[in-house]
Amino acid sequence: MTEQQPIYRGKAKSIFRSDNPDELIVSFRDDITAFDGAKKDELTDKGVYNATVSAYLFGRLEEKGIATHFVRMEDERTMIVRPLTMIPVEVIVRNAAAGSLVRNYPFEEGQRLDPPVIVLDYKDDARHDPMINEEIIVALGLMTAEEIDAVKTIALQVNDLLRAEFGRIGLDLVDFKLEFGRHGDRILLGDEISMDSMRLWDMETHASMDKDVYRFDKGDVMATYATVAERLTGA
Ligand SMILES: Nc1ncnc2c1ncn2[C@@H]1O[C@H](COP(=O)(O)OP(=O)(O)O)[C@@H](O)[C@H]1O
Ligand SMILES: [Mg+2]
């Protein structure tokens, strides 16, 4: 596997073909980036923590009947998944205001959003992932209106499960990002669900327990990732 060239090398993961045409190999690297790649580092075992948390959460979602691309773990940073034709729309669920919502709109940081707010971004680094709306998604032919509804319903189900999982370990799920893709005539939840793609705040101290620790130099990034992975999976 390692001699092979990846078919795609993203900012944090590399994708390899497998002998099985209905499987892809996703390697979670130790690269961490922020601000559209302007800030970059390599942090030992970062990929392992994100792979471990993603695999655990995909497993829990599958148990609840939510269809994901997850097949199995090959090793601690290598995930076998169904090959998807990715839909370049980031589906973001927000339970409290943070990040771009506070920068762009008159919300207070941490203001609760009940019901949760779903934000859709067009995934395109060169365009800085602009917010998109349902009509633009349909006009671009990325999804039908019915598919958008289905994906939003799934995102809210994922939110319920994730909030319970993180609540159990004393963490408040502020927001998270999902990516979906097509597999035959189905749409499956793909990519990752990790500390890179969520905001988690300690319920007592409100300390960040996610990539914001890296973005804003708030502390020991890998100690934070290790704590979340260990508490969540009991490993
Ligand atoms: N099951 C899948 N099949 C094909 N591509 C996938 C699958 N899951 C995730 N991807 C894509 O693989 C890439 C993962 O690498 P990542 O480093 O996160 O890339 P990026 O820099 O684009 O965010 C992303 O572009 C993601 O959309
Ligand atoms: Mg990514």
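Trainee: Between which parts of the protein does ligand 1 lie, and why?

Mentor: Ligand 1 lies between domain 1 (8-81) and domain 2 (85-220), because both give residues to the shell around it; the domain bounds come from an automatic or database domain assignment. This is a predicted model, in which local features need pLDDT of at least 70 and side-chain atom pairs count only at pLDDT 80 or more, while totals for chains, interfaces and linings use all residues. Residues are numbered from 1 along each chain as its sequence is written, chains are lettered from A and ligands numbered from 1 in the order in which they are written, and side-chain values use heavy atoms, with hydrogens and water left out.

Trainee: How far apart are the C-alpha centres of domain 1 and domain 2?

Mentor: The two C-alpha centres are separated by 17 Å. Domain 1 supplies 29 residues to the contact and domain 2 supplies 27 residues (contact: heavy atoms within 4.5 Å).

Trainee: Which residues come nearest to ligand 1?

Mentor: A residue is near a molecule if one of its heavy atoms lies within 4 Å of it. Here 16 residues surround ligand 1, and Lys 11, Ala 12, Lys 13, His 69 and Glu 179 come nearest. By class, the shell holds eight nonpolar, two polar and six charged residues (nonpolar: Ala, Val, Leu, Ile, Met, Phe, Trp, Tyr, Cys and Pro; charged: Asp, Glu, Lys and Arg; polar: the others, Gly among them).

Trainee: Which N or O atom of His 69, side-chain or backbone, lies 2.8 Å from a nitrogen atom of ligand 1?

Mentor: A polar contact is a pair of N or O atoms within 3.5 Å; within protein, one must be able to donate a hydrogen and the other to accept it, and residues adjacent in sequence count only if both atoms are side-chain atoms. For His 69, a side-chain N or O atom is 2.8 Å from a ligand 1 nitrogen. Backbone N or O atoms also approach ligand nitrogens: that of Arg 82 at 2.8 Å, and that of Leu 84 at 3.0 Å. Taken alone, ligand 1 exposes 550 Å², of which the protein buries 89% (Shrake-Rupley method, 1.4 Å probe; for residues, only the protein chains shown count as cover).

Trainee: Is Ser 27 buried or exposed?

Mentor: Ser 27 counts as buried because its relative accessibility is 12% (buried: under 20% relative accessible area; exposed: over 50%; partly exposed: in between; 1.4 Å probe, protein chains only). Ser 27 belongs to strand β3 (residues 24-28), a DSSP run (helices: H or I, at least four residues; strands: E, at least two; numbered from the N terminus). Beyond its neighbours within four places in sequence, Ser 27 is in contact with Ala 12, Lys 13, Ser 14, Phe 16 and Arg 77.
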